[in-house]
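Student: Please take a close look at one helix pair in this structure. I am new to it and would like one connected account.

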Amino acid sequence: MFFELSEEQRMMKDAAGRFARERIGPIQEEDEKKGVFRREVVSEMGKLGFLGGVIPEEYGGTNIGFLSSIVIMEEIAKVSASYASHLASQAVGPGLALLKYGSEIQKRNYVPGLVAGDLIGCFAVTEPDAGSDVASMKTVATKNEKGFLLNGTKTWITNAPVADVGLIFAYTDMNLKHHGISCFVVQMKQTPGITTSHIEKLGLCCTETGEIFFEDVQLPPDALLGNLGGGYKLLMEMLGNTRLFMAARALGVGGACLEASLDYAKKRRQFGQSISKFQMIQDQIAEMCIEHEASKLLVYQAALNKDNGRSTPVEVSVAKYFACEAAAKAADMALRIYSSYGFSMDFPIQRYIRDSRAFTITEGTSNIHKVIIARHLLDL
Ligand SMILES: Cc1cc2nc3c(=O)[nH]c(=O)nc-3n(C[C@H](O)[C@H](O)[C@H](O)COP(=O)(O)OP(=O)(O)OC[C@H]3O[C@@H](n4cnc5c(N)ncnc54)[C@H](O)[C@@H]3O)c2cc1C
């Protein structure tokens, strides 16, 4: 409404929206109920250039930049917050980290496959006892004559049961705390000692999420990504990108809630008139619109700054916090407007509610983003 996209960005938005509505829309609700993830949808998104917007052409990307990719993410998320997650777990997360920190062989081996959707990616930080407090992770990679021996358990990992390649964070020296964490690029299917399990979730049921168990997993020396002990810095940089895409995902769901509420408010009649005539409904609609547009400005501005090389972690936290909270609130308001029909499994409102709850948890909880913002403001 208030933000003018370029002609090229509008074309990308239209193409992504059309794909989401025509390809994912018809399967979304049934697959959601059964918890079906379709690998081929990721591959199709890759072939259409949706996954590689921040990746240079020589590695299979389209190099259209952050803002254009964010707009694609938003459009996919409007229809499916599940499938939208792949923009982050393929190229924006592991892909960009590999590009910046990888050897030429690591880049060539993985980045084009992640961009094309031929390889499914994941990144694994969280552990049963280490969520927000990343440094309390227990997974260790011990140096030996053949490389590194990896032992530990990761949990809540998006794509864990289906991933081909993972960025795995582990201590190589626990005494050094944050400076003792390293990142490894791991072939998830071919490497002996790796097993996974599936986690049943409240929402986002068309993505796989699970645990990963590493039992005496022998990694070659060249599995190390970047420097020994450089994993925490790499992780923070990666989250600086993926968090913004989480905000864009929330923007998509917030937009879907607003559109659905407008449609329903105009159609539904009570007391002999459209419910849109009631001021309390108008208040809810106006509030959803205000928060959606404010989210959009924050997310797009942060994306533009990334394209211009002026991005700061705090502006990403502000955008992530606001857009994710706004989406959860929009889903709640949509339920109030739809009322009993919103409580039905036949309408997507219940899915928006379930999916949006994840946004305020993943990639840093809302509390953690407030901590980041306050620490920045207070020079702590
Ligand atoms: C759908 C989904 C997908 C996910 N995908 C991935 C993935 O691909 N890779 C991965 O590594 N992880 C993933 N995660 C894990 C996610 O990143 C963590 O859940 C998140 O970091 C929070 O950790 P936790 O759930 O253990 O909560 P905890 O850290 O245990 O927090 C519990 C509560 O305490 C609060 N809290 C904690 N510390 C503070 C503090 N310092 N100040 C104030 N409040 C605090 C939190 O805000 C929260 O309310 C995923 C999670 C979900 C739900």
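Tutor: What follows describes how two helices pack.

This is a predicted model, in which local features need pLDDT of at least 70, side-chain atom pairs count only at pLDDT 80 or more, and totals for chains, interfaces and linings use all residues. Residues are numbered from 1 along each chain as its sequence is written, and side-chain values use heavy atoms, with hydrogens and water left out.

Two packed helices are described by the angle between their axes and the distance between the axes. Helices here are DSSP runs (H or I, at least four residues), numbered from the N terminus. Helix H4 covers residues 81-101 and helix H6 residues 231-267; their axes come within 9 Å and cross at roughly 155°. The axes are lines fitted to C-alpha atoms over the stretch in contact, with angles running from 0 to 180 degrees between N-to-C directions. H4 is therefore roughly antiparallel to H6, a label for angles over 145 degrees. The crossing of H4 and H6 is right-handed, meaning that the near helix is turned clockwise from the far one by less than a right angle.

On the H4 side, the contact (heavy atoms within 4.5 Å) includes Ala 81, Leu 87, Val 92, Gly 93 and Tyr 101. H6 contributes residues including Leu 234, Met 238, Phe 245 and Arg 249. By type, the contact of H4 with H6 has 13 nonpolar, four polar and four charged residues. Ala, Val, Leu, Ile, Met, Phe, Trp, Tyr, Cys and Pro count as nonpolar, Asp, Glu, Lys and Arg as charged, and the others, Gly among them, as polar.

Note on methods
Helices (H or I, at least four residues) and strands (E, at least two) are DSSP runs, numbered from the N terminus. Angles under 35 degrees count as roughly parallel, over 145 as roughly antiparallel, 65 to 115 as roughly perpendicular and the rest as oblique.
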